[in-house]
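Here's a quick briefing to read alongside the model. Have the viewer open and click along as you go.

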Amino acid sequence: MMGNSYRRILLISTIFFCLVSSVFAGEIVGWGIQKTPNELLTNITAISAGDYHSIALKPDGSIVGWGNNEYGQAIPPVGNDFVDIVAGYNHNLGLKSDGSIVGWGDNFWGQATVPEGNDFVAIAAGDDHSLALKSDGSIVCWGYNGEGQATPPAGNDFVAIAAGYAHSLALKSDGSIVGWGWNTAGQSTPPAGNDFVAIASGAHHGLALKSDGSIVGWGWDDYDQATAPEGNDFVAIAAGGGHSLALKSDGSIVGWGRDFFGEATVPDGNDFVAVAAGGHHSLALKSDGSIAGWGCNDDGQSTVPYGNDFVTIDAGSRYSLGLKSDGSIVGWGQDNYGQATVPDGNDFVEIAAGGGCSLGLKSDGSIIGWGYDNYGQATPPDGNDFVAIAAGAYHSLAIKSDGSIVGWGSNDYGETTVPNGNDFVAIAACGYHSLALKSDGQLVGWGYNIYGQVTVPDGNDFVAIAAGAFHSLAIKSDGSIVGWGAGTVGLTGFPHY
């Protein structure tokens, strides 16, 4: 369970993340600020929803993640020995079969730096803090503790834990609940009683399931998220940023509270076995092992494309494109300019995703563009002699059948002032710079160069190129990789904003 952060306002500069298209054997793998699963999600055994990302546990003990990946929260650790998962605001925890914990994602407050030990039996992740229950019934906390949310109560009689935005809850073996941390709305003051069997914590509210199948809520109730529905046939509960979910004994779901994105408008059906509530989206696990998602989908956190017939993919700024074996295109992610609303047709052979502009190369050699077009970057030139395409932040490129390059769109930094020549075999565009590979294995770069991203290395043994926002990469014929440009993150990477 996790909470929606009302404490921090992030001023995030727009960074354009671009990848050159790659060919795979049918399945999609994603990384970067928006990630998608690399397979059809079936036979899932557990789910958890973060603020704008989701994670799922597979029957083989491995974890799948998707949605926003700004902090790496949608890229779970490798391994097949996980038995439980939990998603926090921008970080996650995984409990392994040996009783140890793994953490990943945002770690500004150390919330993903887990304690050592092999005696943990349960985990919980809040906004910037984490909890773990030990086999002896005691609780360990770590991460941000500004409101005392990471200072656990003493005792060895706890059986369950839950973490909210800045408060925490624990269920005791006698059926009573203890709360600690921020209490401005009474969220850490649970109701009295000894007949509780499960707890859930939202951003600033709490839920508890009683032994008679009824639900009690408390804390912040501005959207009625703590006003539980009547009834005695509930078997599971989940609390999100401002909404709540409950699973009934007949397999149906009830949702209430904030519904700005439809996060509390639950799907029909009686075959659900588990529920999870995120900041603005919800997930449910079905009896067949598949997942249903609804609510906010800004980063693909509630719906993901799936299938095993993809042949090429490309990732733009907060959206992605996939080319299927039948020549059709699938788009997902941010679509404020229509960049992920793909054209009809089954005759596409290549795709390119840029800052907000998308391109498709057709089998007849013509190009179609759609999406953001303020500089004309989505309005390709006429003709049927194009063989390759690339899309940058506000500019686009294409190689013609004679080996020459054409550029269109913004030219503020010379990014569409293409080099002369008829011996080009590959192109890459991202941010405000461009790269080209020549038939003799040499590289050419042009456009914005404040970080040296277009100052290409010497040599004639290069076989592939890729352009990032402020850095560039190339593969050599011996299989090694060369990187240049901004290097404040690792060898080559993006400057911090």
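**Two three-stranded sheets**

Strand β13 (residues 167-172) is paired with β14 in the antiparallel sense, over five bridges. Keep in mind that you're looking at a predicted model, one with zero helices and 38 strands.

The β12-β13-β14 sheet:

- Along with β12, that pair makes up an open sheet of three strands, ordered β12-β13-β14 and with antiparallel pairing.
- The edges belong to β12 (158-163) and β14 (177-181): each has a single partner strand, so one side of each is left without a neighbour in the sheet.
- On average, neighbouring strands of this sheet are turned by 20° against each other, direction ignored.
- If you want a specific bridge to click on, His167 has Gly181 in β14 as its bridge partner.

The β15-β16-β17 sheet:

- Here three strands form an open sheet, in the order β15-β16-β17, and the pairing is antiparallel.
- β15 (196-201) and β17 (215-219) are the edge strands, and because each has a single partner strand, one side of each is left without a neighbour in the sheet.
- Neighbouring strands of this sheet are turned by 20° against each other on average, again ignoring direction.
- Strand β16 (residues 205-210) pairs with β17 in the antiparallel sense, and the pairing runs over five bridges.
- Across that pairing, Gly206 stands opposite Trp218 in β17.

**A hairpin with an enclosed strand**

- β27 and β28 form a hairpin, with three residues between them.
- The two strands pair in the antiparallel sense over five bridges, with β28 covering residues 357-362.
- One bridge to look at joins Ile351 to its partner Gly360 in β28.
- Why call strand β27 (residues 348-353) largely enclosed by the rest of the structure? Because five of its six residues are buried.

**Polar side chains tucked inside**

Asn92:

- You'll find Asn92 in strand β7, which spans residues 91-96.
- Asn92 has a relative accessible area of 0%, so it counts as buried.
- What does the side chain of Asn92 pair with? One polar contact, at 2.7 Å, joins it to the side chain of His53.
- A polar atom of the Asn92 side chain also sits 2.5 Å from the backbone oxygen of Gln73.
- Leaving aside neighbours within four places in sequence, Asn92 is in contact with His53, Ile55, Gln73, Val86, Ala87, Val102, Gly103 and Trp104.
- Val102, from that list, is ten residues away along the chain, and its C-alpha atom is separated from that of Asn92 by 8.4 Å.

His280:

- His280 lies in a loop, the one between β21 (272-277) and β22 (281-286).
- Is His280 buried or exposed? His280 is buried, because its relative accessibility is 9% and the cut-off for buried is under 20%.
- The side chain of His280 makes a polar contact of 3.3 Å with the side chain of Arg258.

**Cysteines**

- How many disulfides does the model have? The count comes to zero, going by the rule of sulfur atoms within 2.5 Å.
- Cys357 counts as buried because its relative accessibility is 1%.
- Cys430 is buried too, at 0% relative accessibility.

**The protein as a whole**

- Of the 497 residues in the protein, 52% are buried.
- Taking contacts between residues at least 6 apart in sequence, 46% join residues at least 24 apart.

**How far to trust the coordinates**

- The average pLDDT for the protein is 87, and 88% of the residues score at least 70.
- Over residues 1-31, pLDDT stays under 50, and the model has 126 contacts beyond four places in sequence for this stretch.
- Residues 488-497 also stay under 50 in pLDDT, with 26 contacts beyond four places in sequence.
- Where pLDDT is low, the predicted coordinates should not be read in detail.

Key. Residues are numbered from 1 along each chain as its sequence is written. This is a predicted model: local features need pLDDT of at least 70, side-chain atom pairs count only at pLDDT 80 or more; totals for chains, interfaces and linings use all residues. Side-chain values use heavy atoms; hydrogens and water are left out. Buried means under 20% relative accessible area, exposed over 50%, partly exposed in between (1.4 Å probe, protein chains only). pLDDT is the predictor's confidence in each residue, from 0 to 100. Contact means heavy atoms within 4.5 Å. Helices (H or I, at least four residues) and strands (E, at least two) are DSSP runs, numbered from the N terminus. A polar contact is a pair of N or O atoms within 3.5 Å; within protein, one must be able to donate a hydrogen and the other to accept it, and residues adjacent in sequence count only if both atoms are side-chain atoms. Two strands pair if DSSP finds at least two bridges between them. Axes are lines fitted to C-alpha atoms, for helices over the stretch in contact, and angles run from 0 to 180 degrees between N-to-C directions.
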